[in-house]
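I opened this notebook to keep track of what I looked up in the structure, with the cysteines as the main topic and a surface patch as a side topic.

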Amino acid sequence: MPATVATAQLPLVVLLLALGSAAKVATIRADAEPGGLTRLGPAVLVPERWRAPALAICAAGELTLAAGMTFTTHPLFRWAAVGFFAMSTYALVDLRRRRPDVGCGCFGEVSSRPIGVRSIGRTVLLTAMSAGTLAYPGIGWAAMSGITWTMAGCTAVGLALLAALSPELEEAVARLRHRAPCEQRPLAPGTALARLRASTAWDDHRMLLTGGEPVDTWRELCWRFFAFAGRTPDGAPVDVVFAVYLSGRRPPVRAAVVSADGAPVEPLRESIAVSA
Amino acid sequence: MTDPTTVHRRRALAAAVLGRPPERPESSDGGQEPLRAVTGRILDASPHMIVVEAGNGAEERLVVAPWAVAWRGGDVAVADLPAGTNVIMRTVHQGKVVDRIWADTTRITGTIVSIRTDGKDQLVELDAGPHRGRHTIVIPYRASGRLRVRHPKFEPGYLFDAIGVREGEGEGEGDVLSALLPATSQPPYRARAVPVPPPAYGGAQSRVAGTVTWSDAIPESGHRARDGHRTENTRLPDDRQGTTDQHISGDGHGAAYPMLERSDSGCDDAGTSCAGLPYLALGSLLNVQNTCTGRAMSIPIVACGCLAGRFCDRCVECDTSPRGRIAEVSPVSFVELGGDLIKGCFNARIGLG
């Protein structure tokens with residue numbers, strides 16, 4: 001049974017690799033606006049002129065893996081897929097920490113929503129799925145052509161899991177519903193403020209604020225910013241700035257404490273763990 | 001209304017919270033020689049040398065290239081420019097050699113409010129938007145033919161856009177604005193009936209392209225690069241000083257962008273465009289790329305481009321651009337991006353800088 005489950009995931013891994021590759025190529029060919037690629041995936045970590053080539057290399061790698069897993073039995077491609085998804089997981093975790101505004105870019109421009117737990121969970125799942133395919137000795141094409149009902153069920157479960165972990169589907173529905181992406185829709189600041197006040201980032205930083213109303217608010221693309229006057233525990237005046245993503249019911253909310261000279265401040269924690 | 005003291009911090013705050021690089025991105029000259037724009041008032045002009053006084057009182061002496069010509073209602077020799085003329089100059093060779101001069105050049109953009117005649121000339125009252133107010137311009141008889149042919153709906157309620165010269169002693173109310181060259185093929189709809197953008201299922205990552213124009217009504221200040229330093233010129237046109245969005249840039253660069261949230265910009269006319277633009281804010285950096293020359297630059301948004309958003313026209317500077325004015329930039333930015341003030345526009349693409 002474990003072998004059947006593992007085998008059933010092979011078509012999904014191949015499908016996602018092929019889709020990811022095609023979407024990345026489409027994004028590059030769309031010739032996005034200047035700076036458009038700055039919000040897409042780990043490519044933001046390389047200089048501007050290398051972003052399109054980096055995306056192209058990633059797409060070529062994915063296509064190679066998909067083809068290798070489909071048409072050969074060589075374990076190199078299976079191990080490479082495991083390594084690719086494991087590395088992707090690390091890259092997304094790191095990217096989420098360093099650039100919270102960028103999307104994962106996994107499926108090109110469709111994946112512009114900021115990286116969340118779901119995107120990371122999806123790469124973890126794909127790592128596990130591709131590790132499972134190592135157990136299957138046959139070639140990929142045979143797995144896809146000689147599929148049984150049990151395998152089809154396992155594939156469907158895997159597909160449902162992947163769909164549940166894909167924020168791109170929600171984004172696609174929202175675009176069809178509103179006929180425009182989030183960046184082009186007028187959205188009231190009041191709604192974003194209400195979502196901010198319901199967030200954990202607000203709870204974490206509320207004690208630093210000296211006023212209940214923002215001193216400034218503005219919008220850039222799909223982010224609404226709120227700046228509040230605040231004070232650190234040692235009395236230094238600071239700005240506490242929140243960024244609320246404007247799409248989705250439970251949007252990502254980021255916060256930062258900025259000193260008067262514009263440098264980020266790491267606020268002191270209320271309690272510091274002391275080892276005995 | 002937005003507090004101007006907080007607008008200039010927006011980029012730093014957004015960079016801190018979203019982990020963006022805080023510094024302004026480098027300009028790209030597309031592999032060509034960098035252009036620098038110098039503004040000032042002429043103290044002395046000869047065929048080989050021009051002396052100007054920048055806004056901060058500093059005197060600048062620049063070599064005039066043999067091929068350089070000036071425009072002041074028409075092409076004139078550089079030596080014929082009188083002292084006291086306000087100029088913007090395109091310079092090459094590290095800002096030392098003047099390549100092109102535009103003298104007393106102004107852009108006249110607005111909605112026609114009324115038209116009356118004054119002898120053979122026509123006096124047109126224009127509504128230049130909530131931030132720029134109303135003013136009356138002169139269409140000299142000699143220019144009326146070429147302006148009318150590009151403005152077939154020459155009647156109140158329709159848009160007007162022309163390039164001309166500013167004549168007068170000062171820089172304020174007493175100046176006479178003469179329209180001489182059409183700067184657009186007039187949109188056929190009324191100014192209040194802007195076409196809606198097409199549905200955008202594809203998302204904001206798709207190409208945002210259109211036409212970029214210039215306006216001297218954007219808060220501007222002159223600069224020139226010299227030994228790594230920039231001199232500032234705080235010359236601002238007439239009574240527009242002191243409004244919300246002034247002095248963000250401080251180096252002569254600035255852009256007016258149509259797609260601002262009305263509640264943020266304090267402008268009830270904001271958020272109108274037929275180009276399907278993404279929302280940005282005062283203080284955001286706009287990456288503008290001149291697709292005709294390949295030059296690109298990040299320019300801070302300093303004003304609401306509520307009037308530019310009403311123009312659903314095209315630019316045919318190097319190809320036919322998609323419809324819609326996606327930004328209006330200061331003359332300094334326009335020139336440094338390789339634009340010609342007389343042509344009035346260039347095909348461009350924009351993104352978040």
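Entry 1, terms and model. I call a residue buried when its relative accessible area is under 20%, exposed when that area is over 50%, and partly exposed in between. I keep in mind throughout that this is a predicted model.

Entry 2, disulfides of chain A. I first looked up the burial of one cysteine pair, and found that A:Cys182 and A:Cys222 are both buried. These two cysteines are joined by a disulfide with an S to S distance of 1.7 Å. I then asked which hand this disulfide has. The torsion about the S-S bond of A:Cys182 and A:Cys222 is about 85°, so I noted the disulfide as right-handed. The pair links distant parts of the chain, 40 residues apart, with A:Cys182 in the loop between α8 (167-178) and α9 (189-197) of chain A, and A:Cys222 in the loop between β1 (216-220) and β2 (223-231) of chain A.

I also looked up A:Cys104 and A:Cys106, which form a disulfide with an S to S distance of 2.2 Å, and both of these cysteines are buried as well. Counting bonded cysteines along the chain, I get the pattern 1-2, 3-4 for chain A. For A:Cys154, I noted a relative accessibility of 12%, so this residue counts as buried, the limit being 20%.

Entry 3, disulfides of chain B. Here I looked up B:Cys292 and B:Cys318, which form a disulfide with their sulfur atoms 2.2 Å apart. The torsion about their S-S bond is about -75°, so this disulfide is left-handed. It links distant parts of the chain, 26 residues apart, since B:Cys292 lies in the loop between β16 (285-290) and β17 (296-304) of chain B, while B:Cys318 lies in the loop between β17 and β18 (325-329) of chain B. I noted B:Cys292 as partly exposed at 27% relative accessibility, and B:Cys318 as partly exposed with a relative accessible area of 42%. B:Cys306, in contrast, counts as buried at 5% relative accessibility.

With bonded cysteines counted along the chain, the disulfides of chain B follow the pattern 1-3, 2-5, 4-6. Over all chains, I arrive at a count of five disulfides.

Entry 4, surface patch. Lastly I asked which residues make a nonpolar surface patch of about 250 Å². The patch is made by A:Leu15, A:Leu19 and A:Leu159. Of these, I followed up A:Leu19, which is found in helix α2 (residues 10-29) of chain A and is partly exposed, with a relative accessible area of 44%.

Technical notes. Residues are numbered from 1 along each chain as its sequence is written. Chains are lettered from A and ligands numbered from 1 in the order in which they are written. This is a predicted model: local features need pLDDT of at least 70, side-chain atom pairs count only at pLDDT 80 or more; totals for chains, interfaces and linings use all residues. Side-chain values use heavy atoms; hydrogens and water are left out. Patches are made of residues with over 30% relative accessible area and no salt bridge: like charges are joined within 9 Å, nonpolar side chains (Val, Leu, Ile, Met, Phe, Trp, Tyr) within 5 Å. Accessible areas come from the Shrake-Rupley method with a 1.4 Å probe; for residues, only the protein chains shown count as cover. A salt bridge is a side-chain nitrogen of Lys or Arg within 4 Å of a carboxyl oxygen of Asp or Glu. Helices (H or I, at least four residues) and strands (E, at least two) are DSSP runs, numbered from the N terminus. Buried means under 20% relative accessible area, exposed over 50%, partly exposed in between (1.4 Å probe, protein chains only). A disulfide is a pair of cysteine sulfur atoms within 2.5 Å.
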